[in-house]
Number of protein chains: 2
Amino acid sequence: MKVEIIAIGDELLIGQTVNTNASWLGQEFSLRGYQITRALSIADDPQQIIAALDNLLPDTNCVIITGGLGPTKDDLTKHTLAAYFNSELAIDEPTLAQIVAFFEGRNKPMLEVNVQQAALPVKAKILKNRRGTAAGMWFEKKDVIFISLPGVPYEMKTIMTEEAFPILEERFGKSNLYHRTILTQGIGESFLAEQISDWEDRVRQAGLGLAYLPAPGLVKLRLTSYKGIAEAQFIDELFTELKNRFPEAVFGEGDQTLEGILGTLLLEKKLRIGTVESCTAGKLAQTIASVPGASAYYQGALLTYSNELKNRIAEVSNEALLNFGAVSEQVAIEMAANGKRILDVDYCISTTGVAGPTGGTPEKPVGLVWIGLSGPNGTFARSFRFGDNRQRNLEMTVLSAMNWLRYHLQTH
Amino acid sequence: MKVEIIAIGDELLIGQTVNTNASWLGQEFSLRGYQITRALSIADDPQQIIAALDNLLPDTNCVIITGGLGPTKDDLTKHTLAAYFNSELAIDEPTLAQIVAFFEGRNKPMLEVNVQQAALPVKAKILKNRRGTAAGMWFEKKDVIFISLPGVPYEMKTIMTEEAFPILEERFGKSNLYHRTILTQGIGESFLAEQISDWEDRVRQAGLGLAYLPAPGLVKLRLTSYKGIAEAQFIDELFTELKNRFPEAVFGEGDQTLEGILGTLLLEKKLRIGTVESCTAGKLAQTIASVPGASAYYQGALLTYSNELKNRIAEVSNEALLNFGAVSEQVAIEMAANGKRILDVDYCISTTGVAGPTGGTPEKPVGLVWIGLSGPNGTFARSFRFGDNRQRNLEMTVLSAMNWLRYHLQTH
């Protein structure tokens, strides 16, 4: 099936809004084995909308139209589509009931413009929007399906997922594609590709698809079976092999996150954790604390940006600071070990590094980071050499620290 | 001038990359008074590229083509454009010199594919890319300008800014548009609009454009003069009036940030700052520390997520915690006042709140946040009621805290 996207909205053309709907639709259709052939953004203008509908690619089977369904007068999509498909508007009672319930649930007054949102083209199949007041509409003309959806991303996604994709899959057959993604941290993409070239050969010989998906600080490998879930066990075996070869780098699958996996481990083992941070300035704490329920294991942190505070509140010795400098194995070790005691936690992670863009020296260049880890088995420190991008260095530090502790907890 | 965008790249259609180039171009062209009429994304496919070039809107003056200029074999834009404009390719010596210098500067080996990037259509005007190896190309055909640029955002932006916009402005006249943006925090958009309706009337009567620009947690108002910089003083007066009416809410102009303004004030006044954070879990610290040179004033923080740590390391009294609860004026005050002493800083900000999504009670609902501020003039606390979105509550807390201190420093 070949799909085109038409996004309607002046805000897209003046750059006030980034068209993330198009990329989400691209991902979701691709995962189902459908192909997006073109994505167009146009103004809230009936002539442009009609011109776009009249000029589809010849082999297009389905058109997704996003935007222009709000209650305000700028939003012209519904009337334009009704005219284009020669359809009267009439109040759709289920939609009206849904809009009434929507306003009642929020204790907000319902206006006449909102009632009018239930006036829908009688020729359209209505796609229920349970998260907003603009229903989706499904038209057909000369074997082409036209699906009109609101531009608000979570409304659009909900209607596609709950209403439109099930009908498309019933009509065109459910795709046999079966995807699984394995997540790694700490190995560069090129190096990993070199190391697993034999594994990749076997993957491809077996007829599976392989994609390296970009993700900041991680490498994600997606395997695709064209035979469906029947190959799940084979993919399991391939993933297990990767885990055995790179036990520290491979940390999870699919939508998992390092902070989520770490949280589950800490909960299971009933352990408490804290951090003592210099270069990351709270980014590690915040990432660990972002998991719902993190308060069960995350206690808190000392952010010792200045040397004075490293000494005073993290009790790092002036000897270590003077003899080795703030970015050093010794200081990382003292930060972690003292933090464990001061915060009264089972595990404490410390970070100290030259995040950049300035502050590097020949001995301690930008990108050098020491991470300390103190726990029941002792205190350790490891150095990392990241690049010259400050933001990326901080992200890599946070991911490396969490992955180190994740691996430590799984192996101790 | 009417402009279309054609973005080339399979990664856009499968949703692996979000087309932020289109929104940046939309903003930049709009600011200059040019209109983007359409933005199209298509595959790395010569037929599709040619079809797109053949089907421009009738009144298009300029086409921006992004992507497909890399050295790999997937990137077909250059050859397709050369054929489309009937142009031979030949090595462009300045481009080759630039590519050689690019690799020398990075100590990386230059490959034959990179040399071939200097083979450019002889009919094109070459737009220098000082940040990469893919030059921009400028073609003209039947009064339409075609500008082809690499898809890497910072390369595309650099070429547009340094090479293409100056030529366009010379050709079509520099726009007379003059934009100024004023930044506010702490007043909702609807409420602000209501409060300044008289001011808005005067703005519109004077023939100025007014736009409310979306920004998380802020309200930005952009005034546009169609008569150019001649109206700068008038806009100054309008802005001064807003500042005088809302001295706490109006914090800056243009590209300024709260953390940047706060940093400048702290530097000027030679003050040191720290934070004691509960609900924000380091987000405030990290935002303050994100300004280059922040180590001159930012000392560090205590992140006291658990009550135990509020008591032990921030020395919050058990009385306050038991009698009033962690989210209370008393605890916010003790966190800030004790933090000022423990961190040995001039100003200390504290945060404690119910960020959500769970944990609310009738007395302390999700969205209730107390912020404390301790400084040479004493210790104060203020409560805020944000909404039910955790991420947004944390962002609002950080912005509100910084804006409070900003205003305090400017008025004390």
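# Exercises on a two-chain model

In chain A, helix 3 crosses helix 4 in the right-handed sense. The model is predicted.

## Exercise 1. A helix pair in chain A

Classify the packing of helix 3 of chain A and helix 4 of chain A as parallel, perpendicular or oblique, and describe the contact residues by class.

*Solution.*

Step 1. Locate the helices. Helix 3 of chain A spans residues 46-54, and helix 4 of chain A spans residues 77-84.

Step 2. Take the geometry. The two axes lie 10 Å apart, and the packing angle is about 50 degrees.

Step 3. Classify. Roughly parallel needs an angle under 35 degrees, and roughly perpendicular covers 65 to 115. At about 50 degrees, helix 3 of chain A is therefore oblique to helix 4 of chain A.

Step 4. List the contact. Helix 3 of chain A brings Pro46(A), Ile49(A), Ile50(A) and Leu53(A). Helix 4 of chain A answers with Thr77(A), Thr80(A) and Tyr84(A).

Step 5. Sort by class. The contact of helix 3 with helix 4 in chain A has five nonpolar residues, two polar and no charged.

## Exercise 2. A second helix pair

Decide whether helix 2 of chain A is roughly parallel or oblique to helix 7 of chain A, then name the residues that make the contact.

*Solution.*

Step 1. Read the angle. Helix 2 of chain A and helix 7 (residues 153-172) of chain A cross at roughly 25 degrees, and their axes come within 10 Å.

Step 2. Apply the cut-off. Angles under 35 degrees count as roughly parallel, so helix 2 of chain A is roughly parallel to helix 7 of chain A.

Step 3. Add the hand. Helix 2 of chain A passes helix 7 of chain A in a right-handed crossing.

Step 4. Name the residues. Helix 2 of chain A supplies Thr20(A), Asn21(A), Trp24(A) and Glu28(A). From helix 7 of chain A come Pro153(A), Met156(A), Lys157(A) and Met160(A).

Step 5. Sort by class. Four residues of the contact between helix 2 and helix 7 of chain A are nonpolar, two are polar and two are charged.

## Exercise 3. A sheet across two chains

Trace the twelve-strand open sheet, find its edges and place the helices that pack on it.

*Solution.*

Step 1. Write the order. It is 6(A)-7(A)-8(A)-3(A)-1(A)-2(A)-2(B)-1(B)-3(B)-8(B)-7(B)-6(B), and the pairing is mixed.

Step 2. Find the edges. Strand 6 (125-127) of chain A and strand 6 (125-127) of chain B each pair on one side only. From one strand to the next, the twist averages 20 degrees.

Step 3. Check a parallel pair. Strand 1 (residues 2-8) of chain A runs parallel to strand 2 (residues 35-42) of chain A, with seven bridges. Here Val3(A) stands opposite Ile36(A).

Step 4. Place the helices. Helix 2 (residues 20-31) of chain A packs on the sheet and touches strand 1, strand 2 and strand 3 (62-66) of chain A, together with strand 2 of chain B. Its direction makes about 165 degrees with that of strand 1 of chain A. Helix 2 of chain B touches strand 2 of chain A as well as strand 1, strand 2 and strand 3 of chain B.

Step 5. Walk in from the edge of chain A. Strand 6 and strand 7 (residues 136-141) of chain A run antiparallel, joined by three bridges. Lys125(A) stands opposite Trp138(A). Strand 7 then pairs with strand 8 (residues 144-149) of chain A in the antiparallel sense over five bridges. There Trp138(A) faces Ile147(A). Strands 7 and 8 of chain A form a hairpin with two residues between them, and Lys142(A) in the turn has a positive phi of about 50 degrees.

## Exercise 4. The interface and its symmetry

State how chain A relates to chain B and what chain A brings to the contact.

*Solution.*

Step 1. Superpose. A turn of 180 degrees with a shift of 0.1 Å along the axis lays chain A on chain B, with an RMSD of 0.1 Å. That is why the relation is a two-fold axis.

Step 2. Compare surfaces. In chain A, 100% of the interface residues are also interface residues in chain B, so the copies meet through the same surface.

Step 3. Count. Each side of the contact takes 45 residues, from chain A and from chain B.

Step 4. Assign elements. Helix 1 (10-13), helix 2, strand 2, helix 12 (283-289) and strand 14 (298-304) of chain A each give at least two residues. Helix 2 of chain A has the largest share, eight residues.

Step 5. Sort by class. The side of chain A that touches chain B holds 25 nonpolar, 18 polar and two charged residues.

Step 6. Find a cross-chain pairing. Strand 14 of chain A runs antiparallel to strand 14 of chain B, with five bridges. Thr304(A) has Gly300(B) as its bridge partner.

Key:
Residues are numbered from 1 along each chain as its sequence is written. Chains are lettered from A and ligands numbered from 1 in the order in which they are written. This is a predicted model: local features need pLDDT of at least 70, side-chain atom pairs count only at pLDDT 80 or more; totals for chains, interfaces and linings use all residues. Copies are superposed by least squares on the C-alpha atoms of residues with pLDDT of at least 70 in both. Two residues are in contact if their C-beta atoms, placed from the backbone, lie within 7 Å. Axes are lines fitted to C-alpha atoms, for helices over the stretch in contact, and angles run from 0 to 180 degrees between N-to-C directions. Helices (H or I, at least four residues) and strands (E, at least two) are DSSP runs, numbered from the N terminus. Angles under 35 degrees count as roughly parallel, over 145 as roughly antiparallel, 65 to 115 as roughly perpendicular and the rest as oblique. A crossing is left-handed if the near helix is turned anticlockwise from the far one by less than a right angle, and right-handed if clockwise. Ala, Val, Leu, Ile, Met, Phe, Trp, Tyr, Cys and Pro count as nonpolar, Asp, Glu, Lys and Arg as charged, and the others, Gly among them, as polar. Two strands pair if DSSP finds at least two bridges between them.
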